[in-house]
Amino acid sequence: MKKQLLLMAIAGLFTSMASAADLYVRDLGAGGSYSSISAAITAANDGDRIIIRPKASSLPYIENLTIDKSVTLVSEINFSRYVLQGTITISPLAGRVVTLHNISSNFALNVSSATSAGRTILNVYNSLFTSVTADKANTSLNMSGCTIGGTIALSHGRCTANTCVQFAVNGTALESNPATDDIEIIANNITTGGGGIIVNQKNYTFRLLNNFLPSGNISINLAKNGSSNEIRNNVINYGTYSALYIDVASGTAATFMVLNNELATSTTISSYAEVFNNNTATATVYAFNNISASTFTTVGTIAASGNIGNVSLSINSSTYTVTGTGVVNGGAIDDEYADIDLTRNDIGNFGGSDSWANYWPTSVGNKPQVNYLNTPRRIYTGTTEMNATGSGYTK
């Protein structure tokens, strides 16, 4: 009986795998394909892949898309984007997974509403949009390698190696179907003149690592009660307000580790600081091994150690680097924060195991793109395992 049940399960698996199909979209429906992306979405079933051929001379597919199925959209030509002139709206549903590759659009990508009785997952890779709004409840946004002309808004997810004007992490109400992992914003470029990273959510622990903010700051307005959050190896160069401003609600018992960052703020107004904790009652803030071109200052209750101010620093918004005194090997000495060559942690976005070298290679070529790495530096003895994980995409 057990063998029969096993065979039935295997047969069911192959039946499920066989049901997924590839649907092709080409200009004028060439070769029996669909002539529009919308028509392919209508014909698709959950799990199908829609393969879209870029039009000649980068002509666009002119249509607004509503995606109401678990489908994947990819380009038929590797490393070439197809152009869409129109918006994309994701209709949420518990268990729905939508994956978008290689879209170039001068319009917005949105999730229309919150998901009930489960979660919606939106994956976006190597694409261009004017804005991405996915900050609805019970929605996870995973983005990598994208260029966004405006704001990326999310309530949960992982965003790596994107260029945008601002991140807005929202979630003022408790989610009914929370995810099991953290919010991670890693190795992103917040363009000059951008608003920085604003965290206004209370559902998840967050990690803000190796981001480059040449003219914006990080502002934490709401945090998960009991969470332990990490703000590490960022470059934050903000001359008109505090580089890192923490103002979580009174009574929120949250911890913030501020480590190995380049934090530069104004020296002309005394109330501005590299690190500002406006909740001195229940927010615990540690600021270790950060550097600043200004006098390193803190406001509020902050445990500070190893921070250095008034050092010679140069922020290059073209090469996305910070150089100067104390950058190389200037971070925490703990092996947990070591650089990818196992030397002592460098200050800024090229330091640690989440270095920009992982996500922004100098010569990409026709190679798969890394979109996540977790490579711990601690070596354990005995029976404790050390796990390293990673993921990437090829289109």
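User: Let's take "buried" to mean under 20% relative accessible area. In this predicted model, is Cys159 buried or exposed?

Analyst: Happy to start there. The relative accessibility of Cys159 comes to 0%, and the cut-off for burial is under 20%. Cys159 therefore counts as buried.

User: How many disulfides does the protein have?

Analyst: A disulfide needs two cysteine sulfur atoms within 2.5 Å of each other. By that rule the count is zero. Cys146, for one, is in no disulfide, as the nearest cysteine sulfur, in Cys159, is 8.7 Å away. For Cys159 the closest cysteine sulfur is 8.2 Å off, too far for a bond, and it belongs to Cys164, so the number of disulfides stays at zero.

User: Stepping back to the whole chain, what share of the residues is buried?

Analyst: The protein has three helices and 38 strands, and about 17100 Å² of its surface is exposed. Among its 395 residues, the buried share is 48%.

User: Which residues of strand S32 are buried?

Analyst: In a regular strand the side chains alternate between the two faces of the sheet. S32 (residues 284–288) follows an alternating pattern: Thr284, Tyr286 and Phe288 point to one face and are not buried. The other face carries the buried ones, Val285 and Ala287.

User: And which residue of S32 is the bridge partner of Val258?

Analyst: S32 pairs in the parallel sense with S29 (residues 255–259), over five bridges. S32 is also joined to S34 (residues 303–305), running parallel, by three bridges; there Tyr286 has Ala303 as its bridge partner. For Val258, the partner in S32 is Ala287.

User: What kind of aromatic pair do Phe212 and Tyr320 form?

Analyst: A search of the whole structure turns up ten aromatic pairs. In the pair of Phe212 and Tyr320, the ring centres are 5.8 Å apart and the planes meet at 85°. The pair bridges distant parts of the chain, 108 residues apart, with Phe212 in strand S24 and Tyr320 in the loop between S35 and S36. Planes over 60 degrees apart count as edge-to-face, so the pair of Phe212 and Tyr320 is edge-to-face.

User: How far apart in sequence are the parts tied together by the pair of Tyr320 and Trp356?

Analyst: Tyr320 is partly exposed, at 27% relative accessible area. Its ring and that of Trp356 have centres 5.4 Å apart and planes at 40°, so this pair is tilted. Tyr320 lies in the loop between S35 and S36, whereas Trp356 is in helix H3 (residues 356–359), so the sequence gap is 36 residues.

User: Which residues make up the aromatic cluster with Phe212 and Tyr320?

Analyst: Two of its members are buried: Phe212 at 0% relative accessibility and Trp356 at 1%. Together with Phe212 and Tyr320, the cluster holds Phe350, Trp356 and Trp360.

User: Does anything else touch this region, and which residues is Asn189 in contact with?

Analyst: Asn189 is a good one to look at: it sits in strand S21 (residues 189–190) and is buried, with a relative accessible area of 5%. Its C-alpha atom is 6.5 Å from that of Leu213, 24 residues away along the chain. Leaving aside neighbours within four places in sequence, the contacts of Asn189 are Asn162, Thr163, Cys164, Phe212, Tyr320 and Trp356.

User: Which ring has the charged end of Arg158 over it?

Analyst: There is a lysine example too, with Lys55 over the face of Tyr61 at 4.5 Å from the ring centre. The charged end of Arg158 is 3.5 Å from the centre of its ring, which belongs to Tyr372.

Terms used: Residues numbered from 1 in each chain as written. Predicted model: local features only at pLDDT ≥ 70, side-chain atom pairs only at ≥ 80, totals over all residues. Heavy atoms only, no water. Helix = DSSP H or I, 4+ residues; strand = E, 2+ residues; numbered from the N terminus. Buried < 20%, exposed > 50% of the residue type's maximum accessible area, 1.4 Å probe, protein only. Areas by Shrake-Rupley, 256 points an atom, 1.4 Å probe, with all protein chains shown as cover. Contact = heavy atoms within 4.5 Å. Pairing = 2+ DSSP bridges. Phe/Tyr/Trp six-rings, centres within 6.5 Å; stacked < 30°, edge-to-face > 60°. Lys NZ or Arg CZ within 6 Å of the ring centre and 35° of its normal.
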